[in-house]
Amino acid sequence: MTSLDRLAALDLLNLDALHSDEEMQIRDVVRRMTGERVRPFVADWYEQGRAPVRELMKEFGTLGLLGMHLSGYGCPGASAVAYGLACLELEAADSGVRSMVSVQGSLAMYAIWRYGSEEQKREWLPSMAAGESVGCFGLTEPDHGSDPASMVTRARPDGDDWVLSGGKMWITNAPVADVAVIWARGPEGVLGFVVPTGTPGFTAREIGHKMSLRASSTGEIVLDEVRLPASARLPEARGLRAPLSCLTQARYGIVWGALGAARDCLSVALDYALSREQFGRPLAGFQLTQEKLADMALELQKGYLLALHLGRRADAGSMTPEQVSVGKLNNVREAIAIARQCRTILGANGISGEYPILRHANNLESVLTYEGTSEIHQLVIGQKLTGLSAFA
Ligand SMILES: Cc1cc2nc3c(=O)[nH]c(=O)nc-3n(C[C@H](O)[C@H](O)[C@H](O)COP(=O)(O)OP(=O)(O)OC[C@H]3O[C@@H](n4cnc5c(N)ncnc54)[C@H](O)[C@@H]3O)c2cc1C
């Protein structure tokens with residue numbers, strides 16, 4: 001069976017039929033591109049702990065994947081569903097590769113597109129959409145992750161300028177970025193700034209020893225009295241709602257992306273179970289293996305329906321942050337369970353880098369934590385159900 005036939009066979013409910021021809025074409029383009037430019041190399045990138053972010057960004061830009069769901073300023077203006085399908089195919093190759101695209105488009109570009117001045121949009125969005133400029137998004141701090149309202153990075157007005165001091169931690173793309181969207185506490189609440197990374201006082205170092213998302217660049221940013229002109233502030237961003245709205249965009253991409261990692265694991269495990277024999281028959285012929293495969297295929301299809309529902313709501317302008325929490329919590333949780341279950345089917349080979357499964361499982365540990373941990377999404381849903389906030 002070819003890999004394309006295998007993917008079609010996993011679509012038990014024929015969910016592809018719910019898509020337009022255009023959506024399927026976009027999916028196939030991304031699938032082809034990752035098959036040629038990412039999959040053959042990503043295990044080595046992962047092992048070496050680095051990926052050619054700048055080269056990949058240019059290729060993703062050429063395909064129109066950066067800021068794909070934004071319109072104007074060189075952005076393609078594709079639908080939310082098309083963007084979701086792209087995230088799924090990217091993450092089927094590697095979560096780190098999907099992360100670099102998500103951070104560029106849904107966090108850094110979206111922040112400028114939604115909250116920036118005309119001048120900021122013209123300066124940054126076309127080159128970011130083309131992948132010529134790389135962006136990052138600094139919200140998390142060493143001592144403030146799930147609770148960004150407690151951030152200690154400060155923005156101090158000084159004449160016409162702003163001066164930023166503090167630090168950001170775990171920032172995707174930071175070590176290679178040209179521009180950083182930095183969130184800092186000003187005199188009247190949280191403010192956003194567009195910071196060229198060459199500004200004196202701005203430094204970003206690569207975080208080493210990661211056991212997850214190794215084919216992605218993650219950095220720590222130090223802001224040592226970074227002086228910026230007034231024009232660097234995002235004029236429309238006032239309060240924590242602004243960065244949180246960017247996170248909603250990125251979380252939406254994760255709802256789809258996690259399914260890609262899970263699908264890749266299931267497809268590899270199914271092939272393996274059909275070809276590997278023990279006790280004189282293929283592993284796939286044992287009822288216990290079929291139980292695992294059936295349950296995983298079920299969760300994958302249910303997760304897909306959930307992602308597609310959210311995507312259609314996003315395209316209709318009616319998707320809410322709580323609904324995105326439902327999608328992120330469910331699909332990442334199920335994806336990581338699928339990855340771990342698939343690992344068991346491969347036995348000892350399941351821990352080998354020759355197969356992608358443990359790489360996906362390890363990557364999904366980061367996906368479970370970033371853009372709101374699973375616990376935080378449970379609390380968001382709990383608040384929606386009860387009207388009581390357990391965390392704010
Ligand atoms: C690979 C990677 C890339 C990242 N990229 C970015 C990026 O580009 N930009 C960015 O700004 N951030 C980024 N992050 C940071 C990420 O968003 C944070 O790690 C995340 O928000 C959690 O914060 P924390 O790690 O400080 O954990 P903590 O907030 O310290 O949480 C630790 C544990 O306590 C739980 N917990 C916390 N509060 C509560 C509560 N009230 N009730 C119950 N449980 C609670 C959490 O769910 C978690 O299980 C990245 C992280 C990783 C791992």
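1. Which strand and helices each supply at least two residues of the shell around the ligand? In this predicted model, they are strand E5 (161–172), H11 and helix H12 (374–386). Strand E5 gives the most, with 3 residues.

2. Now for the residues themselves. The ligand has 17 residues around it, and those that come nearest are Thr 140, Ser 146, Trp 170, Thr 373 and Glu 375. Sorted by character, the shell holds 8 nonpolar, 7 polar and 2 charged residues.

3. A few polar contacts are worth a look on screen. The side chain of Ser 146 has an N or O atom 2.6 Å from an oxygen atom of the ligand. For Thr 373, an N or O atom of the side chain is likewise 2.6 Å from a ligand oxygen. With Trp 170 it's the backbone that takes part: one of its polar atoms there is 2.7 Å from a nitrogen atom of the ligand. On its own the ligand has 970 Å² of accessible area, and the protein covers 67% of that.

4. Over to helix H3, which spans residues 39–48. Val 42, Trp 45 and Tyr 46 are buried in this helix. They sit on the same side of H3, because the arc they cover around the axis is only 95°.

5. What lies over those buried residues? The cover includes helices H2 (21–37), H4 (53–63), H5 (80–93), H6 (95–115) and H11 (357–369). You've met H11 already: it also supplies at least two residues of the ligand's shell.

6. One last detail, just after H3: Gly 49 follows the helix, and its phi is positive, near 75°.

Methods
Residues numbered from 1 in each chain as written. Predicted model: local features only at pLDDT ≥ 70, side-chain atom pairs only at ≥ 80, totals over all residues. Heavy atoms only, no water. Buried < 20%, exposed > 50% of the residue type's maximum accessible area, 1.4 Å probe, protein only. Helix = DSSP H or I, 4+ residues; strand = E, 2+ residues; numbered from the N terminus. Arc of directions from axis to C-beta. Contact = heavy atoms within 4.5 Å. Near = heavy atom within 4 Å. Polar contact = N/O pair within 3.5 Å; in protein donor to acceptor, adjacent residues only side chain to side chain. Areas by Shrake-Rupley, 256 points an atom, 1.4 Å probe, with all protein chains shown as cover. Nonpolar A, V, L, I, M, F, W, Y, C, P; charged D, E, K, R; others polar.
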